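Colleague: Before I rely on the descriptive terms used for this model, I should like to hear the grounds for them.

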Amino acid sequence: MYKVIQTKGLNKCFRVLSKHGKKGKDAITKVRAALAEAGTEGSISGLKRTNHGESRLENIEKYDLGGGYRLVVQLVNGKENVRAFIFAGDHEDCEQWLESHKDYTWVKSSKDQTLDFVQVSEKEPRSVRIVSPDIDSAEELRALPLLRHLESVDLDSLQLGESLVDYVLRVTPEDWECDPSGILEYIESVDGIERAVLFDDLFSHAHKGELSELKKRITLELGEATVSSGAELAESIVDPKNSELFVTWEEVATLPDDSSWADWLLFLHPEQKALSLKEFRGASRLRGVSGSGKTCVMLHRARYLAKKYRAPILLVTLTESMRKLLDSLIKELCGVESSFIQTSTINSLANFIVKELHPKGEAAYRVADGKLTNSISRDLVEFVRNHDNFTQTKLSALEYADLRRFCDEEVFHIRSRLRFSEFNSYLETQSFKRHGRVVGLSTEGRRVFLDAARYKVESLKNSFVLDYEGVVSAAISLLMKDTDSLESFGWAAVDADSLGSTLSAFTPYRCVLVDEVQDLSQLEVTMIGALPVASERRIAQSENGLFLVGDGAQTIYNKGFALKNCGVNVNNRSYVLKKNYRNSKEIMSAAYSLIERYKFADVDEDNIDNPTKPDFSARAGERPYVVKCRGEEEEVAFVSAMISSAIDEYQSLEETEDYPELCVIGLNSAIREKVSERLDQLSIKAAELKQSAGVEASRSVAISTIESAKGHEFRHVFIVGVVDGAMPNKYAGTDGMAREASRLYVAMTRARERLVISYNVERQNQPSRFLIDIQGGSDEYEWSSGRLNFIE
C-alpha cells in the first residue's frame, strides 16, 4: 500500500460537487477511485492528465475528471509515491484555486511540527497586483483593519518602525482590493523590498481569511518555521499533530462523499480510538478539556460495547437538548447495533427506576409543582430562624433573600448527597466535608439545617408529592432496598421480599456511559452505579459497566460528589484528553485565560486543582470579539445584523438556503426573547435549542441558555448581555466565582470559528468583571450608528 493523503478541504469540494447534479457526483466517484488507485498502485492511470503542465505549484498533477471538472494532486514524495489530494472542482474553480495559491508551499513549525499551506512570494512583488474583491464578508467587517487578528507581539517581533505599524494596521479589506500595488510600494519605500514581499503575503492571507497561515508566515520570517518538502513533508503529513489538516485514505474511506459536520464530529484520532476500544475490569473515567472529543469517544465506545455484548447500552446526559443530539449522532454513527443503544436524561432515568421497581409503577407519586416548592422554601426560612440553634449558625445578620438562598442551597446539599436514612452523617464535620462555603458551619449550626432538611421531606410527604431530589432519593432507596428511607416518602410499606424479587429480574442495561458527569450529584452517581446487572452485580463493579465522562472546569451546577462515597472505584482506570480539536486557537486561548486562576474539582471533589491546560489547536482563527453597545436595543440590533451577515455570507459561498450553525446564548430571558423577535422581523428563523437539537443546526438560529448549550458546538456563537449581575450572577458571592467563570467558559467554548461577546452600558450596567481576564486575547469594538468601531 502507498500512502495517500486527503486534505480536509477536499471534503468541502465534494459537498460543492454534490450539488452539481449527475456530472458533479460522477466527478466525486472518479476522485474516490483515483484515491483508491493511488493507494494500491502508487500511481493514477485511470484518469487522463491535462494537456498542459502545471508550474504554479511544485510537483502538481492535474487530472481531467470529465464533464469540465478537474482534480489537483500533489506528489509529496516521488520516491515513495506519496500523494496529497488537494482540490477538485470545475475548470474555472480549479484555475482560480491554482492562481490564488500560486506562491504557496508547505511550512512546518519548528516548535510543534504543525504544517500549513502558506504563501511565500518571490523576492519582488508582482508588478501588477490584482486582488479579487471579497463580496461575501459583512460590511461591518470590511470596515475593520485587515490585520486586526495579529497580536501586538506578532508585529513587535518583526521590529517594524512605529509609523509602519500604524500604517499597516489602518489598511482595510477595501483598501487592499482597490490599491494593493500602492500599499506595497509605500511599504517598500519605508522599509525595503523584502518587507513589502512579506506584507504582500500577510495581507493576502488575511484577506482570504487564512488566519493560521497568516501566523505561520510570520514564524517563517522569524526563522521559527521552515519550508518542508519531499520525505520530510510526507512524514509530517501523517504525524498525528497534523490530523486536523489531513486524513489518510484509510481513515476517510468509510465516510460518504458529502460528509457532514456530524461525520467529522464523530471522527476519531488515534488516542481517542484506543480509549473507545479499551477493556476495563470495572468503572472507568475519562476527563478532557473542552473540545477534546470526550463525547465522541463515548459514542464510539457505546457502539463497541453494543456489538460486544449485544445487550442494552445506556447513554446518560443532563438535558433533553443534549439527549436529542446524542440520539442523532448514534443514528449517524451506528448500523443495526443502534437498536441496543438508548439515551436518557438523568431525570428520566430516575423516573424510570421508580416506575419499574415500585409496586404501583407510575402511580407511585405525583411531582411537586413550583407553587408548592416555593411555599416550602418560604416556610424553611421561618423554620430555620425559629430553631433553637439558629444563633450558632452566625447567619442572623443575613437579609431575608440571602438567608432563603442559603437555606435552599444547604438543604439541597444534604438531600442531593444522602438518603433519608443517612441524614445524620451530615453532622460529622470531619468525614462529611462541605466544599464551596467560605465559612463552614459548626456541628450545632449543621443541626439546624439537618432539621430543616427533615422538615422539607416531611412537608413533601404531607402533600403526597416528590420533588426532583425526592425522585432520585426514591430511586436509589429502591435499588438499595433501603426501607427506612422509603418510609420517608409517605408510601405504603414496600415489602422487602417482593422488592428483592423485582430487583433480581431488573437488569435493564449491560453498560452505562455518562456524559457531563461533573454536573451530577452524589446520589445521582450512586444511583447509576447501583443499577443491577446479571449475577447480582452492580454496574459500577462489572466489566466495562460504567464509563464516566466529564471536565471539572465545565461545571455549571452546584452539586458535586466524591466517587468513593458513590461506591465507584476508578483507580488505574482514569484517563485524560488534553488536545482541543473543536475551537480555534484564539477562542480556546481566551477561554482558558478566564478559568486558569480558579480551582475546580477534577470531576471528583477529592481532587481540587487548577484546570488542565489544553494543547491548543493548530487551527488559527479570528480573535473573539468583545463589543460594547450603548443600550439593550442597540445590542439586539448589533447581534441581529451580524447574524444576518453571517447567513448571507454562508448562503452565497455554499449556494444553499440553509444556515451555518449559529447560536445566541442570552444571559437573561428578556434579551433572548428580544433577539428572537428581531430575527423574526428580519425573516430569519430562530428556535430554542431544546426544540432544534438535531445533528445539523442548519434550518434555524439556536436561541439558548448556557445550560442548554452545554455539549453542543456551533460555527458562530453570540453571548449576549454579558454584564455584571448576569455574569457573574449577583448572588454568586466569593465562593461562587469559580463556578460562574466555568459557566462563561462553557458558553465561549461552544464556538468553533467565531465568538462574539456583547454587553450594554444602559442603566449604569457594567461589563462583566470576567471580560478583563480575556481582554488580552480578544479584540474590543464599539457598535455605534450601525458600524463596528475598533477600540485600540
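The exchange below takes up burial, the nonpolar cores and the domains of this predicted model.

Colleague: Why is Pro660 called buried?

Modeller: Buried requires a relative accessible area under 20%. Pro660 has a value of 0%, so Pro660 meets that criterion. Pro660 lies in the loop between helix H26 (632-654) and strand E23 (662-666).

Colleague: What makes the 48 residues a nonpolar core, and which of them touch the most other members?

Modeller: Membership is restricted to buried residues of nonpolar types joined through side-chain atoms within 4.5 Å. The largest such set holds 48 residues, and Leu349, Val512, Met527, Leu546 and Val568 touch the most other members. Among the elements that give two or more residues to this core are strand E11 (313-317), helix H17 (346-357) and helix H21 (468-479). H21 supplies the largest share, seven residues. In soluble globular proteins, nonpolar side chains tend to be buried together.

Colleague: Which residues is Leu349 in contact with, leaving aside its neighbours within four places in sequence?

Modeller: A contact requires heavy atoms within 4.5 Å. With those neighbours set aside, Leu349 has contacts with Leu314, Val316, Ser344, Tyr509, Met527, Ile528 and Leu531.

Modeller: There is also a second, separate core of 42 residues, including Val717, Ala726, Met727 and Ala741.

Colleague: What separation is found between the centres of domain 1 and domain 4?

Modeller: Domain 1 covers 3-102 and domain 4 covers 625-790. Their centres, taken over C-alpha atoms, are 39 Å apart.

Note on methods
Residues numbered from 1 in each chain as written. Predicted model: local features only at pLDDT ≥ 70, side-chain atom pairs only at ≥ 80, totals over all residues. Heavy atoms only, no water. Domains from an automatic or database assignment. Helix = DSSP H or I, 4+ residues; strand = E, 2+ residues; numbered from the N terminus. Buried < 20%, exposed > 50% of the residue type's maximum accessible area, 1.4 Å probe, protein only.
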